[in-house]
Amino acid sequence: MERGDAATRVVVLGSTGSIGRSALDVIAAGGAPGLRAHGLSAHSSWERLAEQARSASPRFVALTDDGPIAEVRSALRGTGVEVLSGRDGVLRMVTDEATDRVLDAIVGAAGLEGAWAALEAGKTVALANKETLVVAGPLVMDLARRRGSTLLPVDSEHSAIFQALKSGGTREVKRVVLTSSGGPFRGKTRAQLRDVTPEMALKHPTWSMGPKITIDSATLMNKALEVIEARWLFDLDPDRIEVVIHPESTIHSMVEFVDGSVIAQLSPPDMRLPIQYALTYPDRHPCPGPRLDLTRPSALHFEPPDRETFPALDLAYEVMRRGGTAGAALNAANEVAVGRFLAGEIGFLDIPRACRAALDHHEYDPRPTLDLLWKVDARARLEAQRWTP
Ligand code: NAD
Ligand code: MG
């Protein structure tokens with residue numbers, strides 16, 4: 001739509017993941033008629049990437065872990081899909097002249113580069129990769145402003161806040177309230193969480209997602225990252241951002257205005273709705289996926305988060321207060337700690353401890369460049385890799 005013809009050409013970074021697959025489902029469903037898959041990227045799941053390319057017929061695909069590139073080429077021979085490799089392949093797709101929107105659904109800080117290049121090229125970015133804003137929020141928002149590019153939230157909480165914010169002016173906002181399901185360990189004590197296994201932590205009560213964000217949801221680090229994401233995306237003072245536990249995951253977040261009015265966004269927990277909204281904004285279209293059924297008896301519950309059992313939330317407020325390099329250090333340490341927990345090397349309660357250590361030991365800088373943020377990221381990864389309980 002953005003070039004005057006009927007199509008919106010979308011590059012889906014991380015198309016083989018949970019968000020990426022939901023995005024391709026939205027595009028294939030055709031409720032939003034103009035959406036086309038223009039480019040797809042995956043890290044190593046080359047078979048799934050090739051299969052997706054065969055059914056979505058994008059202009060190109062990119063495999064960032066160059067390993068099995070020959071296999072992808074041979075699987076797509078004769079289809080007309082161009083096969084690119086490595087990070088350059090991603091950059092080529094997001095900056096392509098015909099690309100209208102980029103959905104960044106890569107997991108971890110690895111998603112920052114593609115979002116950055118897309119914003120720099122003036123593209124509209126639908127951001128699922130919250131780590132981009134945790135690592136480099138102020139720099140990313142400044143880049144978008146300078147280039148006149150648009151950053152739209154995909155994270156369900158931020159999509160909800162984005163929608164609710166349309167009910168009033170910026171100065172009329174009293175606070176935003178992010179909802180959290182509480183994860184699989186809501187109501188548990190620290191003593192009960194000492195021997196939690198990856199299998200237990202990977203069972204999320206309401207959302208089906210990739211492994212990293214599922215563990216983040218169990219430690220509440222996901223909510224911590226989201227609080228930081230909201231701080232930069234909506235330019236909110238940290239003391240205006242709150243978290244409430246809402247086990248049903250029906251209200252995706254709320255905005256309270258100065259007069260006491262609270263505006264919430266409700267829908268069943270399914271990412272296809274916020275994904276589609278970010279791909280079609282400002283338009284709305286019929287969306288695949290479940291709809292809210294209010295004819296069945298149901299209730300919504302709310303409770304404050306248990307910050308003693310889940311210290312990740314306090315880390316978020318500290319990181320927001322400090323700004324600078326703190327977000328990059330926290331995010332990198334968490335990525336490594338989650339990996340080590342999944343590999344059985346450290347315990348569940350060690351994840352925030354390793355993050356705490358990386359935050360304390362990193363060389364803080366209040367006004368980092370992007371280069372420095374990558375150095376902090378690399379050092380915090382080393383620190384978290386060596387960390388012992
Ligand atoms: P996932 O693990 O299911 O998929 C990740 C995708 O990124 C895959 O396509 C993978 O090939 C690719 N990838 C992995 N490492 C990469 C690297 N180093 N370089 C390039 N590509 C790489 O993850 P997901 O659950 O879909 O989450 C993706 C992002 O969206 C995360 O930032 C997550 O926090 C965010 N998010 C996810 C959900 C959800 O419901 N899954 C909801 C809100 C936000
Ligand atoms: Mg979320």
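This is a short tour of selected strands, a helix and a metal site in a predicted model.

**Stop 1: strand 5**

Select residues 101–104, which form strand 5. Show the side chains. Arg101 and Leu103 point one way. Val102 and Asp104 point the other way. In a regular strand the side chains alternate between the two faces of the sheet. Are these four residues of strand 5 buried or exposed? Arg101, Val102, Leu103 and Asp104 are all buried.

**Stop 2: the neighbours of strand 5**

Add residues 8–13, which are strand 1. Strand 1 pairs with strand 5 in the parallel sense, over four bridges. To find the register, pick Val10: it stands opposite Arg101 in strand 5.

Now add strand 6, residues 124–127. Strand 6 also pairs with strand 5, and here too the sense is parallel, with four bridges. Which residue of strand 6 is the bridge partner of Asp104? It is Leu127.

Next, select helix 5, residues 112–120. Follow the chain from strand 5 through helix 5 to strand 6. Together these three elements make a β-α-β unit, and its hand is right.

**Stop 3: strands 8 and 9**

Move on to strand 8, residues 173–180, and strand 9, residues 241–245. Five bridges join strand 8 to strand 9, in the parallel sense. Pick Val176 and look across to strand 9: Ile241 stands opposite. Strand 9 is mostly covered, with four of its five residues buried.

**Stop 4: the magnesium ion**

Select ligand 2, a magnesium ion. Which protein residues are its donors? They are Asp155 (OD), Glu157 (OE) and Glu226 (OE). Their distances from the ion run from 2.0 to 2.2 Å. In sequence, the donor residues follow the spacing D-x1-E-x68-E. Glu157 and Glu226 link distant parts of the chain, 69 residues apart. Colour helix 7, residues 156–164, to see where Glu157 sits. Then colour helix 11, residues 221–233, for Glu226. Both glutamates, Glu157 and Glu226, are buried.

**Stop 5: helix 14**

Finish with residues 326–342, which make up helix 14. Try a distance between its end C-alpha atoms: they are 24 Å apart. Why does that agree with expectation? At 1.5 Å a residue, the 17 residues of helix 14 should span 24 Å, so the two values match. Switch on a surface for the rest of the protein. Helix 14 is largely enclosed by the rest of the structure, because 15 of its 17 residues are buried. Last, select Gly344, which follows helix 14. The phi of Gly344 is positive, near 80 degrees.

Methods
Residues are numbered from 1 along each chain as its sequence is written. Chains are lettered from A and ligands numbered from 1 in the order in which they are written. This is a predicted model: local features need pLDDT of at least 70, side-chain atom pairs count only at pLDDT 80 or more; totals for chains, interfaces and linings use all residues. Side-chain values use heavy atoms; hydrogens and water are left out. Buried means under 20% relative accessible area, exposed over 50%, partly exposed in between (1.4 Å probe, protein chains only). Helices (H or I, at least four residues) and strands (E, at least two) are DSSP runs, numbered from the N terminus. Two strands pair if DSSP finds at least two bridges between them. A crossover is right-handed if, with the strands pointing away from the viewer, the path from the first strand over the helix to the second runs clockwise. The expected span of a helix is 1.5 Å times one less than its number of residues. Donors are N, O and S atoms within 2.8 Å of the metal (3.2 Å for Na, K and Ca); water is not among the atoms, so sites may look incomplete.
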